[in-house]
Amino acid sequence: MVEGVRPKPGQRIVYVDGGFDLFSSGHIEFLRQVVKAEEALGRQAGWYAPSATQERCAAEDDSDYGPAYVVAGVHDDEVINYWKGVNYPIMNIFERGLCVLQCRYVNSVIFSAPFIPSKAFLKGLAFGTPDAVYHGPTAFMPFKHDPYVAAREMGIYRDIGNHSFQNVNAGEIVQRILQSRQLYEERQKKKGKKAVSEHAVCLRERMEEEAAALEKE
């Protein structure tokens, strides 16, 4: 586990997990929505009331903080490879984990997090059992079973609904790269054919000029 700033008094512990391969706008938007959902819950619970804000600032040297502490679990390379195929992940676990850790919506990262977070795993987290486990829309791999059964049974599972960047993931990015490469290769082929054609025209004109000069002689 890689910790940033430790949880502050009153913060809810929130757990999310994923592969986070080619960390992108899809991942960032999901994490932003998680924090946004927790802020809404905090608002309902009076987190942003002037008296509560003053109390936190007094205890933290005039520095306030949000109502949620987000812990992100990053899956092993082998786990992602099993679910997505031999070409994935594109980035190894350390590269993916560091990308997640630098995100402003994440406070801690757990490397080699299990694909199925069991009750034992969730209850054994360093900062205690999470108050919520969030998962967003997943389109790239069909689930044959629900990895979040334990979280549902514990009553802490939360869904993040559809959002504008939900289709931006490693698979989508790779497809875009391959399509761009194909378009590039097609353009180069056309350029090559044009160059060959222009060379042939120049060569023919030169031969005609040389033939005309010989006739005059």
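Okay, let's start with one pair of residues: glycine 73 stands opposite isoleucine 110, which sits in strand E4. Keep in mind that this is a predicted model. Glycine 73 belongs to strand E3, residues 68-74, and that strand is what I'd like to talk about for the next few minutes.

So who are the neighbours of E3? On one side there's E4, residues 108-111, running parallel to E3 and joined to it by four bridges. Then there's strand E2, residues 12-18, which also runs parallel to E3, and here the bridges number seven. If you want a spot to click on for that second pairing, go to tyrosine 15, which stands opposite valine 71 in E3.

Now, which way do the side chains go? In general, a regular strand has side chains alternating between the two faces of the sheet. In E3, Ala68, Val70, Ala72 and Val74 point one way, while Tyr69, Val71 and Gly73 point the other. And are they buried or exposed? Buried, on both sides. That's seven of seven residues, so E3 is largely enclosed by the rest of the structure. For the protein chain as a whole, 36% of the 217 residues count as buried.

Part of the story next door is helix H4, residues 93-101. Its buried residues are Ile93, Arg96, Gly97 and Val100. Those four cover an arc of only 100° around the axis, which means they're on the same side of H4. Swing around to the other side and you find Phe94 and Leu98, both exposed. What covers the buried residues of H4? The cover includes our strand E3, along with E4 and helix H3, residues 77-84.

One more detail on H4, at the N-terminal end. Asparagine 92 caps it, with a side-chain oxygen 3.0 Å from the backbone nitrogen of phenylalanine 94. So Phe94 turns up twice: exposed on the one hand, and part of that cap contact through its backbone on the other.

Okay, zooming out. The protein chain has seven helices and six strands. From the N terminus, the order goes β-β-α-α-β-α-α-β-α-β-α-β-α. Take the contacts between residues at least 6 apart in sequence: 75% of them join residues at least 24 apart. As for the outside, the chain exposes about 13300 Å², with carbon and sulfur atoms supplying 53% of that.

If you open the model after this, I'd begin at E3, with E2 and E4 paired to it, and then look across to the buried side of H4. That's me done, thanks.

Conventions:
Residues are numbered from 1 along each chain as its sequence is written. This is a predicted model: local features need pLDDT of at least 70, side-chain atom pairs count only at pLDDT 80 or more; totals for chains, interfaces and linings use all residues. Side-chain values use heavy atoms; hydrogens and water are left out. Buried means under 20% relative accessible area, exposed over 50%, partly exposed in between (1.4 Å probe, protein chains only). Helices (H or I, at least four residues) and strands (E, at least two) are DSSP runs, numbered from the N terminus. Two strands pair if DSSP finds at least two bridges between them. Contact means heavy atoms within 4.5 Å. Accessible areas come from the Shrake-Rupley method with a 1.4 Å probe; for residues, only the protein chains shown count as cover. The arc is that of the directions from the helix axis to the C-beta atoms. A polar contact is a pair of N or O atoms within 3.5 Å; within protein, one must be able to donate a hydrogen and the other to accept it, and residues adjacent in sequence count only if both atoms are side-chain atoms.
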